[in-house]
Amino acid sequence: MTSPVWHPYAHLKTQSPAPKVVGGEGASFFLENGERLLDATCSWWCMIHGYAHPRLVAAIREQAGELCHVMLGGLTHGPADKLARELVRVTPAGLNHVFYSDSGSVGMEVAMKMAVQFHQLRARPRKHRLLSLMKAYHGDTAGCMAVCDPEEGMHSLFAGYLPQHHFAPAPTAPFDAEPDAVAADLAALREVLERHHHEIAALLMEPLLQAAGGLNMTSPHYLRGARRLCDEFDVLLVFDEVATGFGRTGRMFAADHADVTPDIMVLSKGLTGGYLGHAATLATDRVHDAFVGDSPEHAFMHGPTFMGNPLACRVALESLAIFEGEDYLGKIAELSKVLNEALVDDAALTAHPEVADVRVLGATAVIEAHDATALKGVGDWAREQGVWLRPIGRWLYTMPAYITSHDEMRRITDVMKGWFLAR
Ligand SMILES: *Cc1c(COP(=O)(O)O)cnc(C)c1O
């Protein structure tokens, strides 16, 4: 009998049977049939320490012996309190309040509700829509789908079901663009704000790296410009750092490249090192203090059952201690160097007729093809060489675990390049 497990994003008629994973170690996982696959994606970008990290496993074991779960409604516990303090310490200055939830999508739902209610409480009830960017991806729940790219995403299928929001063009200036080169992107953003700011509660963005929507990278100047525009038009700035948080772009947070503090920031994926599902939505004093008041409307009406789960908080604390104690930003800089040398500096690759662009930011690299058909079969081909690659559309990318060795990183880039140059 085929398995009753219903796989995500899978075409049920054409999907091939999913290989069964029985374990892992370092940057690789092992299959039941003895295959060992080097994971170029660190499991949808969350397993930043790789598999079976002894300190993370021990932290979960220890916490399991003390307290696996307790509700956060009316109660608190050590790991939730300690992690919140640590997140306030490491995130951009001014983000002083932490609301927990159980996944990146729900963390974004919390951010959006918080932004709308913030304006309600300030007697600006017309500000109840959101402004998002083309190529955005913010999650798969209904509220999040409504702020994902309306052409690439699932908008047409669910058109009658989703609330209507506003969209600005995706930024086009690259990461290293001069301020002048970002002016057109910011002018496009300003135009939408000028027209619709009366009804916009918040501008949402994946800062510097629009990940699932095509690994679109942009400049820190764009973040600074967006911050100024939000202040000018009384719109909150929400950074979705679910993918970029914890080192992916080369700094602890993408916001750090620009020295910008958003009003609200969402963390998930790397938060627990991928070992348990969890998320944190951080807010500034200004946002938080608007919720301090006497009326029933002042309560923030959200509370996922598993928010602040002790196991998740404890492993997140251990993940952060390893990240800081073992100089992960140094490791990420080294990986970035390898990715640049192996991919961006390879003239044969960048000149290949099927290749539209090759770019790297921190521990993220992508070979963008002109057409998705150019990548058909690349996953199976990579697997024959012991590497797990899973392209998104026409984007062949790697977001490796930060403990990936130089040799392993080279094996991954050899396979990515080899698909175009050595097949
Ligand atoms: C993955 C992702 C999400 C959704 O997180 P889930 O944990 O899958 O719900 C939201 N925003 C960004 C930028 C993401 O990469």
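The chat below goes through the domains, a few single residues and the salt bridges of a predicted model.

Visitor: What kind of model is this, and how are residues numbered?

Guide: This is a predicted model, in which local features need pLDDT of at least 70 and side-chain atom pairs count only at pLDDT 80 or more, while totals for chains, interfaces and linings use all residues. Residues are numbered from 1 along each chain as its sequence is written, and side-chain values use heavy atoms, with hydrogens and water left out.

Visitor: How is the chain divided?

Guide: Into domain 1 (59-324) and domain 2 (328-421). Those bounds come from an automatic or database domain assignment.

Visitor: How far apart are the C-alpha centres of the two?

Guide: The C-alpha centres of domain 1 and domain 2 are 28 Å apart.

Visitor: And how many residues are in contact?

Guide: On the domain 1 side there are 19 residues in contact with 16 residues of domain 2. Contact means heavy atoms within 4.5 Å.

Visitor: How much area do the domains bury between them?

Guide: About 1600 Å², with 69% of it on carbon and sulfur atoms. Buried area here is the accessible area (1.4 Å probe) that two parts lose on being put together, summed over both.

Visitor: Which residues of domain 1 lose the most?

Guide: Leu215, Met217 and Arg248 lose the most area to domain 2, and together they make up 45% of what the domain 1 side buries.

Visitor: How many salt bridges and polar contacts cross that interface?

Guide: The rule finds zero salt bridges there; a salt bridge is a side-chain nitrogen of Lys or Arg within 4 Å of a carboxyl oxygen of Asp or Glu. It finds eight residue pairs in polar contact, both residues being at pLDDT 80 or more. A polar contact is a pair of N or O atoms within 3.5 Å; within protein, one must be able to donate a hydrogen and the other to accept it, and residues adjacent in sequence count only if both atoms are side-chain atoms.

Visitor: Which elements give two or more residues to the domain 1 side?

Guide: β9 (216-217) and α10 (310-325). Helices (H or I, at least four residues) and strands (E, at least two) are DSSP runs, numbered from the N terminus.

Visitor: Changing topic: where is Thr281, and is it buried or exposed?

Guide: Thr281 sits in strand β12 (residues 279-284). Thr281 is buried, at 1% relative accessible area, where buried means under 20%, exposed over 50% and partly exposed in between (1.4 Å probe, protein chains only).

Visitor: What does its side chain reach?

Guide: The side chain of Thr281 reaches the backbone oxygen of Gly107 at 2.9 Å. Apart from neighbours within four places in sequence, Thr281 has contacts that include His97, Phe99, Met114 and Ile264.

Visitor: What about Asn309?

Guide: Asn309 belongs to the loop between α9 (285-289) and α10. Its relative accessibility is 12%, so Asn309 counts as buried. A polar atom of the Asn309 side chain lies 3.0 Å from the backbone nitrogen of Ala312. Leaving aside neighbours within four places in sequence, Asn309 is in contact with Cys68, His69, His77 and His278.

Visitor: Which residues have a positive phi without being glycine?

Guide: Trp44, with a phi of about 55°, is one of them, and Asp327, with phi near 45°, is another. Trp44 is in helix α1 (residues 42-45), and Asp327 is in the loop between α10 and α11 (328-344).

Visitor: Back to salt bridges. How many does the rule count?

Guide: The count comes to 24. One of them joins the side chains of Arg55 and Glu318 at 2.9 Å, N to O. That pair links distant parts of the chain, with Arg55 in helix α2 (residues 54-66) and Glu318 in helix α10, 263 residues apart.

Visitor: Which side chain does Arg314 meet?

Guide: Glu66, in a salt bridge at 3.8 Å, N to O. Here Arg314 is in helix α10 and Glu66 in helix α2, 248 residues apart. Arg314 is buried, at 18% relative accessible area, whereas Glu66 counts as exposed at 58%.

Visitor: And which residue pairs with Arg410?

Guide: Glu341, with the closest N and O atoms 3.3 Å apart. Arg410 lies in helix α14 (residues 406-421) and Glu341 in helix α11, so the pair ties together parts 69 residues apart in sequence.

Visitor: Which residues are linked in a network of salt bridges?

Guide: Arg122, Arg124, Arg227, Asp231, Asp234, Asp263 and Arg286 are linked that way.
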